[in-house]
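Student: Please choose one part of this model and look at it closely. I would like to know what lies around it, and then a little about the rest.

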Amino acid sequence: MDRRNNIISSIDWICIVMYLAMSFFGWMNIYGATYTFDQTSIFSLSNPAGKQFLWMCLSFLLALLILIIDPRTYQTIAYVLYAVWIVLLIVTAFIAKDTKGSLAWINIGPLRFQPAEIAKCITALCLAKWMGRYEYKIRNWRDLVVPLLIVIVPMMIIMVLEKETGTALVFAAFILVLYREGMSGYVLWAGVAAVVLFVVSIKFSGIALPFGTGNAGVLIASLLTIAVACILMLKLAQLKRETLILIGAITLIYGISLIVNIWHQVNFNIVSIVATAISGLFVLVMSTQHRGKGLWLVTVFVIGAIVFCQLSVGIFEKLPQHQRKRIEVTLKIKEDAGIEYNVKQAHIAIGSGGFTGKGYKQGTQTKLRFVPEQHTDFIISTVGEEFGFLGTFAVVVVYMLFILRLIYLAERQKDMFSQIYGYSVACIFLIHFTINIGMVLGFLPVIGIPLPFYSYGGSSMLGFTLLLFIFLKLDATRVEKL
Amino acid sequence: MINEIYYNRRYVITGITIVVAVIFVAKFFSLQIIDRKSKDRADSNAILKQTLYPSRGLIYDRNGRLLVYNQPIYDVTMIFNEMGKNFDTIGFCQTLGIDRAEFEERTQQIRSKKNRSFNKYTSQLFLSQLTAEDIAQLQQTLYKFPGISIRKRTLRNYSYIAAAQVLGSVGEVSQQHIDNDSYYTAGDYIGRDGIERTYEKHLRGEKGVEKLLRDSRGVIQGKYKDGEEDLLAVSGSNLTLTLDIDLQLIAEQLLEGKTGSAVAIEPKTGEILALASAPTWDPQLLVGKSRSKNYNRLASDPLKPLFNRATQATYPPGSTFKTLQALVCLSENAITPYTAFPCSGKASKPIACTHSHGSPVTLLGALEQSCNPYFWYAYKDLLEKDGGWKDTKVFRRNYERWRSIVMSAGLGQKFADSDLSEQSSGTIPTTSYYDKQYRGANNWRASTIRSNSIGQGEVLVTPLQLCNMAAMIANDGYYITPHLVKNDSMLSHVHKSNIDKRHFDIVKQGMERVMTFGTGRYYQIENIRMGGKTGTAQVFNKKDNALFIGIAPIDDPKIVVAVVVENIGFGATWAAPIASLMIEQYLTDTIRRQALFEEKKNYHTNQ
């Protein structure tokens, strides 16, 4: 068996078929989204669909090229590539022309290129190489910090220097990779807790309490924190009596405050913080009496929560105006016709598609440019309008199967490098899928990130092809290694 | 397998993926299948329903002459969003011939918070009702001004300065109209009075709709479904009136400077040939931009031109009523053509005679000389016959009988089956009215209500009713509901009076004698046998009202006329010549007595 045949028989055709299907369906929808009354051909380079076709052809060539290259090359040059790319990202921020406030694009002749799109792939390679070392143990603090740095450095450059918050957020995908590779599950829970506390603090910070002074945000965040602390106490150390004492104490604090409030106005923000701190200290005392149950983590959580809530309100107020507004609109704190416009129009477009859609190229909302950014970040609204629920259902299901397939492939890898890289690929697609469609559906603030293989854009098409095919090649050659 | 300790964690990541996908599918399901409002919202988003206004029906006179037609007017609209920062305001103002300050003021108005319909993405009305000349220059250079467009609509225009009250006017719909009829939307036009109101549904046509696709900036991109669902506007139907515009003009000219009314009817058909009410106005005044200003001026005019005196004003008919009175008395056998009554001239009691003539006098002479005592005796005999003089019951029955015959001539009630919108019913008093007036059924007698005998008492008629009464006489006992729009089905609206045919001949003879020997003798028309009756009704504290009814030709009536001129003097001097000239115009198509015409036309009672 020669090498060529070997690749053809060992490559995962399921992934390739899904990749091709998504790319072509995406391309069709770009044409549909940009289709107007005096439309040129789908191949004409004067419209986005024509250009996308060109990018697709280049991507297919790239894919072929990757399938020929020995995958061990990436492993070899991963660190160098990473270093070079970090420099490139920084340089980009300084030479880029301002595109709608973003400094992520560099122009090479007539082409525009976004190094940040490729950075995901290179970071994944670098991470995989570092974590794939034989002596790697994630429970060593150094082995946790270095991977975190590998992820955070490009992320911060992209967010702070290039001002591409959306692309930077994608790097959060690596948290899931670290989790799979053994990072404590508490980190994920901490992440969930952080999101919940952030949302609660922001959403209710504007609502004044009906008694005393202070706002509902602090009160609810505190009660949630204390409740979690109580649950953890019960679960980790089965301290039923102590938990009841804590609950009684907290009730007493609030009760006294309410009574005092009759004569003298009480600041319930302070009461809440004090009550939370007291429960934190209480758990700390418990942890000295019941060692080895991990109760100290609860104290860390409680203190962390207090600090986080205080910080999050402060940070939120320091955010740039447009980002703050987007968050407020998503949390339904404020209404803003301008920001809601995109999402509202997208909903109208999707909803008007009904079950079977209005037919390819027949979407009025699309045709008449009601949904901004429709061929890029809001491409799913075109699918929704023209292909209806059948279309959106197909897109979501195929995406889910695609990601599950990638997880399956990652799991069957025989070496750490391939597995970690594979999980990186799966998680990057997962986060793009989640944020992009979540944003269009109004679950998340409007963050400009593409839906891979659907959204218009050369850099992203090439970047995702690169990301995927390196893994497919790694997967195809996995047997050779043994 | 590697990293087996954490193998289970694959299921966490798999689970997250599946949960996200399920949430998304659920949301898409709710958006696309459950919530069906999006469809409508999308349509209203993208489909601009442009109303296509039908042109209103034209109005012709009985001879096919165009009276009312449409003139195009132009509105200038602007879409602020498209005008852009580099909009050539100075050039735009120059092309429209307005100054900068006016432009600023108007745009401020549009943008102000009071204007709830303001939207910078849609057309806003900048200037309305401009003429073709006003916008000629703009039309040629429109391409220079993005966001500006010209919208064509139509307004009424009139060929003759005549018949303002009959034709009525067209104005913008009120909120009430919109609430009552979903056909209308704000800014639509509707017939506000006259024929325009009564025939609104006939004249307005049906609005059409053009569905256009517009993009998010309001720019029209093309037709929705290639115009498949468009609906063409259906033009309103034309109307042919029964009016003879020449006759109408003559009537209005003769009433110039006076207050009063002149009505002419073709008795065989009930068609109204002329319906003039003075003072009147140029119908053009209630068109377009100055409509509301002029309307308010007309409404506050002390002479009340908006009040259509021909159908709405009620007058005591005076001696013109004696024609009908004679017929009722004949019909009730109170008199015969040969019955004679004495007249002592001015010394007559209880009613004096205003004319000097021989005594005793029979019906013909009484009509000819308009003898008041004759009609008082006749009325008295009618009311007191069969013992009515002593028996209240009989008296009241006699009165009711008189009243019902009078009403069968079309008096005391509106013409319910007519197309005239504004009418008064006039008054033919009921017994209960007198009971109330005189506080008891036994407190009034023939002599109490004697003024009725000569048309001066509580009897009140509109000029139209008076003319219709003449038509009933002309037709020997029936009339066809007077109407304004040509419609053959109206011929079946025959109303027979309770007066026998045989009594009419003598009354007509009397009327002819009025014109040959009597009060109307100066206004006979050459070669035309004409009948008439003058009337001079006293008005408290003012000059008398002059009245006249005429029938011509008396042997084959083609036209009947009723004229009422307020506070001017004798019916014989003022109303008779106006009626006579109108009849001449209608029957001979010309007026030979130009001197008489000028004289009557130029005498004005109003300042």
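Tutor: Two strands are said to pair if DSSP finds at least two bridges between them. The model is predicted. With that in mind, take strand E17 of chain B, which runs over residues 559–565.

Start with its neighbours. Strand E16 of chain B, residues 542–552, pairs with E17(B) in the antiparallel sense, and seven bridges join the two. One of the residues to look at here is B:Phe548, whose bridge partner in E17(B) is B:Val563. E16(B) and E17(B) form a hairpin, with six residues between them. Strand E11 of chain B, residues 260–266, also pairs with E17(B); the sense is again antiparallel, and there are six bridges. In this pairing, B:Val263 has B:Ala562 of E17(B) as its bridge partner.

Now consider how far E17(B) is covered. A residue counts as buried when its relative accessible area is under 20%. Seven of the seven residues of E17(B) are buried, so the strand is largely enclosed by the rest of the structure. The cover extends to both faces of the strand. On one side are B:Ile559, B:Val561, B:Val563 and B:Val565, and on the other are B:Val560, B:Ala562 and B:Val564. The two bridge partners can be placed in this picture: B:Val563, the partner of B:Phe548, is on one side of E17(B), and B:Ala562, the partner of B:Val263, is on the other.

Chain B also holds the lining of a cavity. The structure has two cavities of 30 Å³ or more, and the largest has a volume of about 60 Å³. Its lining includes B:Gln165, B:Val166, B:Asn308, B:Asp419 and B:Leu484. Helix H7 (164–167) and helix H9 (194–198) of chain B are the elements that give two or more residues to this lining. H9(B) supplies the largest share, three residues.

Chain A can be described more briefly. Its secondary structure comes to 19 helices and two strands, and 54% of its 482 residues are buried. Chain A exposes about 21,200 Å², of which carbon and sulfur atoms supply 71%. Among its contacts between residues at least 6 apart in sequence, 70% join residues at least 24 apart. Two of its cysteines can be checked against the cut-off for burial: A:Cys15 is buried because its relative accessible area is 0%, and A:Cys121 is buried because its value is 2%. A search of the whole structure finds zero disulfides over all chains.

Key
Residues are numbered from 1 along each chain as its sequence is written. Chains are lettered from A and ligands numbered from 1 in the order in which they are written. This is a predicted model: local features need pLDDT of at least 70, side-chain atom pairs count only at pLDDT 80 or more; totals for chains, interfaces and linings use all residues. Side-chain values use heavy atoms; hydrogens and water are left out. A disulfide is a pair of cysteine sulfur atoms within 2.5 Å. Buried means under 20% relative accessible area, exposed over 50%, partly exposed in between (1.4 Å probe, protein chains only). Helices (H or I, at least four residues) and strands (E, at least two) are DSSP runs, numbered from the N terminus. Contact means heavy atoms within 4.5 Å. Accessible areas come from the Shrake-Rupley method with a 1.4 Å probe; for residues, only the protein chains shown count as cover. On a 1 Å grid over the protein atoms alone, a cavity is a set of points where a 1.4 Å probe fits but cannot get out, and a pocket is an open set with protein on both sides within 12 Å along at least five of seven lines; lining residues have an atom within 4 Å of a point. Grid points are joined across faces, edges and corners, and a volume is the space filled by probe spheres set on the points.
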